[in-house]
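Dear colleague,

I am passing on the structure below for you to look over, and my notes on it follow. Please read them with the structure open beside you.

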Amino acid sequence: SLACTLVHRPELLLLDEPTSGVDPELRAAFWERFRELAGDGVTILVSTHQMDEAFACDRIAILNKGSVMAADTPRALAPGARALVTLWRDGIASTHRVEDYRTELPPLLATPADRDEIDHETLEDVVLGLIRGEA
């Protein structure tokens, strides 16, 4: 289907879940080709529920029930600055919500921990937060 779509060299390419049901090797080849097309000036609009694919795009719009809830670059929407940090000291766990781990994490780790887990916010977390009204 993709090959047929590209035969007439479109300026605008609308793709609805273009890699749904394809194996990882073909998926990687598709995205390589999409980047080449974009580099050649083709505008590509991708509809997907795969957040890793959305992160591969230059800009994204998060829609819910027909409304745009957010639109920006993937890095701007999910910069990875927020995290949930769990520290174990003497067998006791403490969990901390960190809004900017670059500045808030060093003081938390100033006292050595037996174990730590850091769960960074992902683009999927952002989408779910917007849909649930948490963002």
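**Notes on the model**

Leu-14 lies in strand S1 (residues 12–16), where helices (H or I, at least four residues) and strands (E, at least two) are DSSP runs, numbered from the N terminus. This is a predicted model, in which local features need pLDDT of at least 70 and side-chain atom pairs count only at pLDDT 80 or more, while totals for chains, interfaces and linings use all residues. Residues are numbered from 1 along each chain as its sequence is written, and side-chain values use heavy atoms, with hydrogens and water left out.

As for confidence, the mean pLDDT of the chain is 87, and 96% of its residues reach 70 or more, pLDDT being the predictor's confidence in each residue, from 0 to 100. Among the elements of the chain, strand S2 (residues 43–47) has the highest mean pLDDT, at 94, and helix H5 (residues 101–108) the lowest, at 80.

Returning to Leu-14, this residue counts as exposed because its relative accessibility is 58%; buried means under 20% relative accessible area, exposed over 50%, and partly exposed in between (1.4 Å probe, protein chains only). Together with Leu-12 and Leu-45, Leu-14 makes a nonpolar surface patch of about 320 Å². Patches are made of residues with over 30% relative accessible area and no salt bridge, with like charges joined within 9 Å and nonpolar side chains (Val, Leu, Ile, Met, Phe, Trp, Tyr) within 5 Å; the areas come from the Shrake-Rupley method with a 1.4 Å probe, and for residues only the protein chains shown count as cover.

Turning to the interior, the largest nonpolar core has 11 residues, among them Met-51, Ile-60, Leu-77 and Leu-130, a core being a set of buried Ala, Val, Leu, Ile, Met, Phe, Trp, Tyr and Cys residues joined through side-chain atoms within 4.5 Å. At least two residues of this core come from each of helix H3 (51–55), strand S3 (60–64) and helix H6 (123–131), and H6 gives the most, with 4 residues. Leaving aside neighbours within four places in sequence, Ile-60 is in contact (heavy atoms within 4.5 Å) with residues including Ala-54, Pro-74 and Leu-123. A second, separate core of 10 residues includes Leu-13, Leu-15, Leu-37 and Val-46. Val-46 is placed in strand S2 and, with the neighbours within four places in sequence again left aside, is in contact with Leu-15, Pro-18 and Trp-31.

The structure also holds 5 salt bridges, each defined as a side-chain nitrogen of Lys or Arg within 4 Å of a carboxyl oxygen of Asp or Glu. In one of them, Asp-52 pairs with Arg-27, the closest N and O atoms being 2.8 Å apart; the pair links distant parts of the chain, with Asp-52 in helix H3 and Arg-27 in helix H2 (residues 24–39), 25 residues apart. Asp-52 counts as partly exposed at 46% relative accessibility, as does Arg-27 at 25%. Arg-33 forms a salt bridge with Glu-36 at 3.2 Å between the closest N and O atoms, and these two are separated by about one helical turn because they are 3 residues apart in helix H2. Arg-115 forms a salt bridge with Glu-117, where the closest N and O atoms are 2.9 Å apart. Salt bridges that share partners join Arg-27, Asp-52 and Glu-53 into one network. Glu-53, which lies in helix H3, counts as buried at 2% relative accessibility.

With best regards
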